[in-house]
Amino acid sequence: MRGQALLLGLRIPGTSMVHRAPLWLKYLVLVAAGTAVVFLRSPTTAAALLVVGLLLYAVAGARVLAAWASPLRLLWWIFALLAAYQWWMNGPWTAFMVVGGMFAALQLARLLLLTTDQSDLIDGMAWACSPLRKVGVNPELVALAVGLMLRSIPAVLGCIADVSDAARARGLGRNPIALAGPVVVSAVAFAHQTGDALAARGILEQGLRDEAADVTPTKGVHHRL
Amino acid sequence: MISFHAAGLSVPNPDGSDDDTVILAPVSLDLRESRVAVIGANGSGKSTLLRLINGLARPSTGRVVVDGKDVARDVAAVRRRVAFLFSDPLSQLVMPLVREDVELSLKPTLKNKVRRRQVAMDHLDSMDLAHLADRSVHDLSGGERQLVALTSVLAAGQDILVADEPTTLLDLRNNILLQDTLFALDQQIIYATHDLDFAARADRVLVVEGGHIVHDGTPCEAIEHYRQLALSASREGS
């Protein structure tokens, strides 16, 4: 699967203030922005969040700022359709409020992914899910599943792009129904591959501990030399 | 020790006929040597033989036992002892960054995040890969990716490493580097390869053809046997 599609949600390394901010603060900002979009329904709120988002991208560094427009390149038609519908039904200000607010929230969520280690996200998710331990759920497993889901979204997008390219290379059109079969097959193969990758290291079999215990590995990279 | 007791794999024929398609005919052998190579043509059953060892494939007949544990009955215990390295490292690397991928292997044994990161860096350092720690796994060269995949797999700490054509996608320099790295490890290594020089370094070589192990012996004899098989097949084809 093509690598560039993975850039949609891939962390961009950096040492900016945004990169260094604790995970809880990033989530707090994201929840506050989402709450504002839902409850303070106004074009001003949407505009303010778009500006705040853009400023945070700029603070995060040039490479992160350059990634700001990625969703527009990939998903512009969804935003255009939504905006056209809202404009037609409720007028231009509502269209801006809905689409602008949604785009601002999406951008802030992407900023979280772009500036946070996936391992930190998984640890944070495991912490957030820790109450589930009372009902027999292993929070580490839930967090790993969410992490793998995050990994699979851009991978499936890359798979769609690959299948489209392969169809065009044979002179076939972009018929979505014709592409669906190969995409589903590739997505299932990707899921199998991920399962095999975990099995290959025995990660699930070793059990992801959710108790505070450290065991220094007794075996690892052993050299004969 | 890895033991195959009449272990084989057959799958139902896609045309619905009664005869199953034999992927690997029942095989009985013990693998005690430190380095065992498996050679054979594409589709001959090499990968299936390897995948039976850590339960990525389950035998339809017989059983595979690793250090006294039946792979089919106790796959969890077996996978704690047997790691698997794929030929395509991108299939192996699960996390976006190099360091994070090694950390994932350590997660079951190290809860403390700071300690886990330190141990991951130690593993990378031991393979001279510390400078790649914060790189995306997609930004690495093929050779770097395979070495990172190997580091991640080894970080999980298993005693046995099964490698399915680990050098296939590598250029000559990285091929030699990976071979040397593998041969410097303490773990028992069972590997499939098309590279006869790589196979010649093993203590024992199995030749697989059409789902059957047709030769089992020293590298010299086995490679010569495989050459003769390939030559005969080529002449018949032409």
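This is a conversation between a colleague and a modeller about how certain terms apply to a predicted model.

Colleague: What should I keep in mind about the model and its numbering before we start?

Modeller: The model is predicted, so that local features need pLDDT of at least 70 and side-chain atom pairs count only at pLDDT 80 or more, while totals for chains, interfaces and linings use all residues. Residues are numbered from 1 along each chain as its sequence is written, and chains are lettered from A, with ligands numbered from 1, in the order in which they are written.

Colleague: What makes B:Val162 count as buried?

Modeller: A residue is buried if 20 or more other C-beta atoms, placed from the backbone, lie within 10 Å of its own, exposed if 12 or fewer do, and partly exposed in between. B:Val162 has 29 C-beta neighbours inside 10 Å and therefore counts as buried. This residue is found in strand β7 (residues 160-164) of chain B, where strands (E, at least two residues) and helices (H or I, at least four) are DSSP runs numbered from the N terminus.

Colleague: Which residues is B:Val162 in contact with, leaving aside its neighbours within four places in sequence?

Modeller: Contact requires that the C-beta atoms of two residues, placed from the backbone, lie within 7 Å. With that criterion, B:Val162 is in contact with B:Leu50, B:Ile53, B:Asn54, B:Val82, B:Phe84 and B:Ile190, leaving aside neighbours within four places in sequence.

Colleague: Why is B:Ile23 called partly exposed?

Modeller: B:Ile23 has 18 other C-beta atoms within 10 Å, and because this value falls between the two cut-offs, the residue is partly exposed. B:Ile23 is found in strand β2 (residues 21-31) of chain B, and, not counting residues up to four places away in sequence, it touches B:Leu9, B:Ser10, B:Val11, B:Gly45, B:Thr48 and B:Gly211.

Colleague: What makes B:Ala6 count as exposed, and what is said of its phi?

Modeller: B:Ala6 has 12 C-beta neighbours inside 10 Å, and since 12 or fewer is the condition for the term, B:Ala6 counts as exposed. Its phi is near 50°, a positive value in a residue other than glycine, and its place is in strand β1 (residues 2-11) of chain B.

Colleague: Why does B:Asp67 count as partly exposed?

Modeller: B:Asp67 has 13 C-beta neighbours inside 10 Å, a value in between the limits for exposed and buried, and therefore it counts as partly exposed. B:Asp67 lies in the loop between β4 (61-66) and β5 (69-70) of chain B, and its phi, near 45°, is positive in a residue other than glycine.

Colleague: What makes α3(A) roughly parallel to α6(A)?

Modeller: Helix α3 (residues 43-60) of chain A and helix α6 (residues 92-114) of chain A pack at an angle of about 25°, with their axes 8 Å apart. Angles under 35 degrees count as roughly parallel, over 145 as roughly antiparallel, 65 to 115 as roughly perpendicular and the rest as oblique, and α3(A) is therefore roughly parallel to α6(A). The axes themselves are lines fitted to C-alpha atoms, for helices over the stretch in contact, and the angles run from 0 to 180 degrees between N-to-C directions.

Colleague: Why are α8(A) and α9(A) called oblique to each other?

Modeller: Helix α8 (residues 139-169) of chain A and α9(A) pack at an angle of about 140°, with their axes 9 Å apart. That angle falls in none of the three named ranges, and therefore α8(A) and α9(A) are oblique to each other.

Colleague: How do you know that the 37 Å reach of α9(A) is close to the expected one?

Modeller: The expected span of a helix is 1.5 Å times one less than its number of residues. Helix α9 (residues 176-201) of chain A has 26 residues and an expected 38 Å, to which the 37 Å from first C-alpha to last is close. The buried residues of α9(A) are A:Ala197, A:Ala199, A:Ala200 and A:Arg201, and just after this helix A:Gly202 takes a positive phi of about 65°.

Colleague: What makes α4(B) roughly perpendicular to α5(B)?

Modeller: The axes of helix α4 (residues 98-106) of chain B and helix α5 (residues 113-126) of chain B come within 9 Å and cross at roughly 115°. The range for the term is 65 to 115 degrees, and α4(B) is therefore roughly perpendicular to α5(B).
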